[in-house]
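Student: I should like to work through this structure step by step. May we begin once it is displayed?

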Amino acid sequence: MSTVLLLLITGIGLGALYFLVASGLSLIYGLMGVLNFAHGSFLTLAGFLGWEVGRRIGDGSWAGLLTGMLVGLVVGAVVAALTELIFIRPLYNRHIEQVLVTVGLGLASVALFEGIWGTDPIQIRLPEWLGGTTDVLGANIPNDRWLLIATAVVVLGLIVLFLQRTSYGLVIRAGVENRTMVTALGIDVRRAFTIVFAIGGAAAGLGGVLASVYYGQVGAHQGTSLLIYAFIVTVIGGLGSLTGAAIASVLVAVIQQFANFYLGGTGDLAIVLALAAVLLVRPTGLMGKVKH
Amino acid sequence: MFDRPALQLDAVGLQIGGARILHDVTLQVGTGEMVGVIGPNGAGKTTLFNIISGVMIPTSGTVRLAGNDVTGHKVHQRARVGLGRTFQTSSVFAGLTAGENVRLAAQSKLGGATSPWRFPREGDEAAGVARRCLEEVGLVHHIGTKAGVLSHGDKRKLEIAMLIATEPEVVLLDEPMAGVGSGDVAGLVEVIRRLHASGRTVLMVEHHMEVLLGLVDRVAVMHHGELLAIDTPKAVMANSQVQQAYLGETV
């Protein structure tokens with residue numbers, strides 16, 4: 001029983017990480033039709049810079065970590081917004097080129113990070129409490145999972161609030177449904193594009209810092225490997241659906257944990273099978289919009 | 001013919017490849033006038049609408065809105081100078097509520113979408129406009145209903161409410177009765193009548209002949225990409241050329 005609980009909560013914690021990456025991917029694709037392969041680079045860069053600033057504030061302290069998270073958030077948002085303005089906007093409506101440019105950015109940035117911070121991951125120091133465990137009904141849950149889950153819940157809440165309660169949120173929700181029609185109303189959706197990129201980047205940036213907490217290290221390839229899972233989550237959840245991304249994140253991560261533990265480390269295989277199953281039964285994903 | 005035509009087409013033509021889609025269409029619609037456009041399928045009615053709204057650019061001639069040459073202007077530029085249109089196929093956001101649909105349209109006019117950090121909801125200007133527009137088309141009781149579950153006739157009314165929210169002076173309605181159940185027609189006719197009565201200039205394509213003839217001030221008849229006649233409903237029906245065009249095309 002305690003093993004099941006441990007796997008479940010650990011899975012949800014990992015799912016929280018997936019969600020931070022997948023939420024942006026899903027919104028960006030939903031609104032703009034862009035598969036952003038540079039998303040992992042936002043995460044990696046934010047992870048590195050968050051760590052660099054955080055350890056100067058106080059290595060292994062809460063002040064350092066929280067500053068790092070803030071830095072990660074800002075770095076992710078700014079870099080994502082710049083990416084949209086400089087690389088995506090000039091290729092408006094040319095989806096193949098947009099994808100190619102993000103793939104190029106993804107590859108080039110990893111090489112850049114390796115040049116600056118080296119090819120090997122760097123072990124980092126964390127506040128002591130995060131290294132400990134909490135007893136929940138006999139299961140010893142690593143404390144860092146709580147931080148991941150809490151952050152993802154707050155991010156989900158803020159994005160939902162933004163989408164439901166602001167003028168721009170309304171434009172974005174309408175744009176995800178039918179972008180052409182929003183334009184026909186005389187609304188310039190390009191600013192909404194930049195905002196969606198910035199929001200997605202901010203979430204990924206937070207994810208970058210939290211990924212370093214989860215793995216206990218920062219590395220040039222952290223974003224790339226998480227991006228693959230995030231894409232799977234996004235497709236399973238339904239491209240463009242935030243709720244779908246949230247549900248699928250937890251689902252994928254929990255399946256992965258259980259398969260790794262009970263089926264001899266076949267977590268990745270289990271996820272890919274789940275992806276294939278969803279695509280066969282519901283090609284639009286769990287919550288994806290059905291195109292008529 | 002008019003002191004200040006709201007809409008003026010001069011010798012408008014559209015040629016795609018060797019095909020003549022529209023030829024030498026000249027017409028004026030006076031401010032506050034309601035004009036119906038009829039003609040057999042393929043006569044060029046929708047092409048005419050696309051040229052007026054800026055979806056297509058004519059290969060010859062000029063399009064003027066309130067005296068301004070807008071021939072080469074894009075759709076959203078024309079929307080800014082007071083042109084609004086609905087489409088043959090229903091174009092509401094199914095996932096948003098009726099209120100949100102109209103609110104979105106109102107935002108485009110108010111520029112509310114330019115302040116992302118404001119938390120606008122109940123009681124702000126766009127919400128007021130949305131409520132007023134829904135009242136005008138008689139849909140205010142559906143303000144919180146998802147547009148996707150509205151009846152076809154109500155969706156059409158919602159589109160008109162969205163149109164009103166953008167405060168257009170010239171309104172193009174592309175087959176507003178298409179696919180609307182017979183029970184909804186009377187209500188929709190009333191909405192269009194009010195749209196006109198409030199001083200807006202209306203140009204509409206409609207196949208429902210009896211509905212159209214009872215509504216409009218004048219009728220424009222299209223045939224093979226040309227404007228065959230434009231006159232009062234009575235005069236047009238008595239026009240032998242028009243009768244021939246229609247009888248000749250009847251299956």
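Student: How many helices and strands does chain A have?

Tutor: This is a predicted model, in which local features need pLDDT of at least 70 and side-chain atom pairs count only at pLDDT 80 or more, while totals for chains, interfaces and linings use all residues. Residues are numbered from 1 along each chain as its sequence is written, and chains are lettered from A and ligands numbered from 1 in the order in which they are written. Helices (H or I, at least four residues) and strands (E, at least two) are DSSP runs, numbered from the N terminus. On that basis, chain A has four strands and 12 helices.

Student: What radius of gyration does chain A have?

Tutor: The radius of gyration is taken over C-alpha atoms, and the globule rule is 2.2 Å times the number of residues to the power 0.38. The C-alpha atoms of chain A fill a box of roughly 55 × 45 × 35 Å along the principal axes. Because chain A has 292 residues, a compact globule would have a radius near 19 Å; the value for chain A agrees, at 19 Å.

Student: Why does A245(A) count as buried?

Tutor: A residue is buried if 20 or more other C-beta atoms lie within 10 Å of its own, exposed if 12 or fewer, and partly exposed in between, with C-beta atoms placed from the backbone. A245(A) belongs to helix α11 (residues 242-262) of chain A. A245(A) counts as buried because its C-beta neighbours inside 10 Å number 33.

Student: How far apart in space are A245(A) and S26(A)?

Tutor: Two residues are in contact if their C-beta atoms, placed from the backbone, lie within 7 Å. Beyond its neighbours within four places in sequence, A245(A) has contacts that include F19(A), S26(A) and G237(A). A245(A) and S26(A) are separated by 219 residues in sequence, yet from C-alpha to C-alpha the distance is 7.0 Å.

Student: Which strands stand at the edges of the open sheet in chain B?

Tutor: Two strands pair if DSSP finds at least two bridges between them. The open sheet has four strands in the order β2-β1-β4-β5 (chain B), with antiparallel pairing. An edge strand has a single partner, so one side of it is left without a neighbour in the sheet; here these are β2 (19-30) and β5 (68-69) of chain B.

Student: How many bridges join β1(B) to β2(B)?

Tutor: Across this pair, L9(B) stands opposite L27(B) in β2(B). The hairpin of the two strands has two residues between them, and G17(B) takes a positive phi near 65° there. β1(B) and β2(B) run antiparallel, and the number of bridges joining them is eight.

Student: Which helix supplies the largest share of the side of chain B that touches chain A?

Tutor: The contact takes 17 residues from chain A and 24 residues from chain B. On the side of chain B, α2 (75-80) and α3 (98-110) each supply at least two residues. The largest share there, six residues, comes from α3(B).

Student: How many residues of α3(B) are buried?

Tutor: The expected span of a helix is 1.5 Å times one less than its number of residues. The 13 residues of α3(B) should therefore span 18 Å, and its end C-alpha atoms are indeed 18 Å apart. The buried residues of α3(B) pack against α7 (167-177) of chain A, together with α4 (125-136) and α5 (152-165) of chain B. α3(B) is mostly covered: of its 13 residues, the number buried is 11.
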